[in-house]
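Work through the exercises below with the structure open beside you. Try each task before reading its solution.

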Amino acid sequence: MDKVQTSKTRCGFVALIGAPNAGKSTITNNFAGAKVSIVSPKVQTTRTMVKGIGIYENTQIIFLDTPGIFKPKRRLDRAMVASAWGGVGEADITVLVIDSRKGIDDDVKAIVNRLKEDQCQVVLVLNKIDLVKEEKLLRLAAELNQEKIFTETFFISASTGKNTEEFYKYLADNLPESPWYYPEEQMSDMPLKLLAAEIVREKLFLYLQQELPYALTVEPELWQRREDNSVRAEMSVYVQREGQKTIVLGKGGGMIKKIGRAARLELEEMLETRVHLFLYVKVRENWIDDPARYADWGLDFNA
């Protein structure tokens with residue numbers, strides 16, 4: 001991608017919406033050229049709207065990576081879904097990302113119905129095409145396009161990069177003429193300490209697998225740049241019960257050490273400097289009903 005800013009520039013917001021685990025965060029990270037949104041095999045890991053910023057030719061594209069849209073059961077679920085639909089309202093272009101393997105499940109049907117009710121014009125992206133036969137892809141595209149809300153359809157694999165160039169070019173050509181909103185080198189609007197906390201949360205999801213429910217969160221307590229340019233980072237991992245704390249710590253503290261090491265190595269690679277990472281596991285029974293947590297994530301507590 002050429003990063004040349006000419007006198008005639010374009011800039012705008014692209015909302016990526018879809019069911020959980022459709023690949024929205026992978027698209028965002030790949031375009032931004034860095035980890036700005038956590039990726040996990042587990043669904044519903046993106047909790048708030050993350051901006052991934054990148055340049056395509058003379059266009060600055062700002063991806064709004066939204067939480068997955070699903071049928072909410074808890075307060076946090078409702079706030080995440082409301083945030084996702086809020087992204088549609090902010091965007092110049094809305095993109096529905098669908099996991100081609102799953103096809104049109106109940107979550108996708110509900111999203112499509114809402115888009116039709118709101119009379120939205122949407123770009124359709126069928127993702128993970130490297131895992132699906134062509135005949136299924138064509139049937140899926142034909143069925144979805146009968147809804148008459150899609151302006152374009154793209155078949156991509158965000159993980160391998162297949163056909164993503166055509167998708168980015170379409171977005172770049174169709175965003176409004178405008179100066180760039182962010183400096184050329186900026187890849188996200190998320191502060192480093194919050195991005196670091198998200199990377200720790202990603203590792204918790206990856207290493208704990210099915211052992212722990214989604215009732216955990218990570219909060220940065222200290223983010224300090226030292227004289228030797230290294231970073232000291234202290235993070236609190238909050239769970240809701242003592243039994244969950246035992247799981248996160250692991251036998252002899254082995255699990256939290258493993259998680260901390262994986263997060264530290266990724267942070268060091270990202271920041272290109274030494275990182276001293278300290279993780280503290282604490283019990284806070286009602287963190288999921290604390291309005292302050294929702295404010296930190298940019299979510300509406302009363303959604």
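**Exercise 1.** Locate Thr 94 among the secondary-structure elements, then decide whether Thr 94 is buried or exposed.

*Solution.* Start with the element. Thr 94 sits in strand β4. The model is a predicted one, and the values here are computed from it. Next, take the accessibility. Thr 94 has a relative accessible area of 8%. The cut-off for buried is under 20%. Thr 94 is therefore buried. Finally, look along the chain. Phe 13 is 81 residues away from Thr 94 in sequence, yet their C-alpha atoms are separated by 8.6 Å.

**Exercise 2.** Describe the chain as a whole: its elements, its buried share and the sequence range of its contacts.

*Solution.* Count the elements. There are nine helices and nine strands. Then take burial. The chain has 303 residues, and 52% of them count as buried. Now turn to contacts between residues at least 6 apart in sequence. Of these, 72% join residues at least 24 apart.

**Exercise 3.** Find how many cavities of 30 Å³ or more there are, and characterise the largest cavity.

*Solution.* Apply the volume threshold. Three cavities of 30 Å³ or more are found. The largest cavity holds about 50 Å³ of space. List its lining next: Ala 19, Pro 20, Ala 22, Val 97, Ile 98, Asp 99, Lys 102, Gly 103, Asp 105 and Val 108. Sort these residues by character. Six are nonpolar, one is polar and three are charged. Last, assign the lining to elements. Strand β4 (residues 93-99) gives the largest share, with three residues.

**Exercise 4.** Place Lys 128, and work out which side chain Lys 128 joins through a polar contact.

*Solution.* Lys 128 belongs to the loop between β5 (122-127) and α4 (134-145). Check exposure. The relative accessible area of Lys 128 is 15%, so this lysine counts as buried. Now search for a polar partner. The side chains of Lys 128 and Asp 99 form a polar contact of 3.1 Å. Asp 99 also appears in the lining of the largest cavity. Then widen the search to contacts, skipping neighbours within four places in sequence. Lys 128 touches Asn 21, Ala 22, Asp 99, Ser 100, Arg 101, Ile 156 and Ser 157.

**Exercise 5.** Trace how Thr 273 meets the loop that holds Asn 229.

*Solution.* Fix both ends. Thr 273 is in the loop between α8 (254-271) and β9 (275-283). Asn 229 is in the loop between β7 (216-225) and β8 (231-239). Find the link. The Thr 273 side chain reaches the backbone oxygen of Asn 229 at 2.9 Å. Check the neighbourhood. Beyond residues up to four places away in sequence, Thr 273 touches Arg 225, Asn 229, Ser 230, Val 231 and Glu 268. Take one of these partners, Ser 230. Thr 273 and Ser 230 are 43 residues apart in sequence, with 5.7 Å from C-alpha to C-alpha. Compare accessibility. Thr 273 is buried at 14%, whereas Asn 229 is partly exposed at 41%.

**Exercise 6.** Examine the backbone of Asn 229 and of Lys 148: what is phi in each?

*Solution.* Asn 229 has a phi of about 75 degrees, positive although the residue is not a glycine. Lys 148 is another non-glycine residue with a positive phi, near 65 degrees. Place Lys 148. This lysine lies in the loop between α4 and β6 (150-155). Its accessibility is 70%, so Lys 148 counts as exposed.

**Exercise 7.** Map the surroundings of Leu 277.

*Solution.* Leu 277 is part of strand β9. Its relative accessibility is 16%, so Leu 277 counts as buried. Leave out neighbours within four places in sequence. The contacts are then Val 200, Ala 233, Met 235, Gly 260, Ala 263, Arg 264 and Leu 267. Add a C-alpha distance. Leu 277 and Leu 222 are 55 residues apart in sequence and 9.9 Å apart in space.

**Exercise 8.** Determine how many disulfides the structure holds, then check Cys 11 and Cys 120 for burial.

*Solution.* Recall the bond. A disulfide is a covalent bond between the sulfur atoms of two cysteines. The structure holds zero disulfides. Now take the two residues. Cys 11 is buried at 0% relative accessibility. Cys 120 is buried too, at 15%.

Note on methods:
Residues are numbered from 1 along each chain as its sequence is written. This is a predicted model: local features need pLDDT of at least 70, side-chain atom pairs count only at pLDDT 80 or more; totals for chains, interfaces and linings use all residues. Side-chain values use heavy atoms; hydrogens and water are left out. On a 1 Å grid over the protein atoms alone, a cavity is a set of points where a 1.4 Å probe fits but cannot get out, and a pocket is an open set with protein on both sides within 12 Å along at least five of seven lines; lining residues have an atom within 4 Å of a point. Grid points are joined across faces, edges and corners, and a volume is the space filled by probe spheres set on the points. Helices (H or I, at least four residues) and strands (E, at least two) are DSSP runs, numbered from the N terminus. Ala, Val, Leu, Ile, Met, Phe, Trp, Tyr, Cys and Pro count as nonpolar, Asp, Glu, Lys and Arg as charged, and the others, Gly among them, as polar. Buried means under 20% relative accessible area, exposed over 50%, partly exposed in between (1.4 Å probe, protein chains only). A polar contact is a pair of N or O atoms within 3.5 Å; within protein, one must be able to donate a hydrogen and the other to accept it, and residues adjacent in sequence count only if both atoms are side-chain atoms. Contact means heavy atoms within 4.5 Å. A disulfide is a pair of cysteine sulfur atoms within 2.5 Å.
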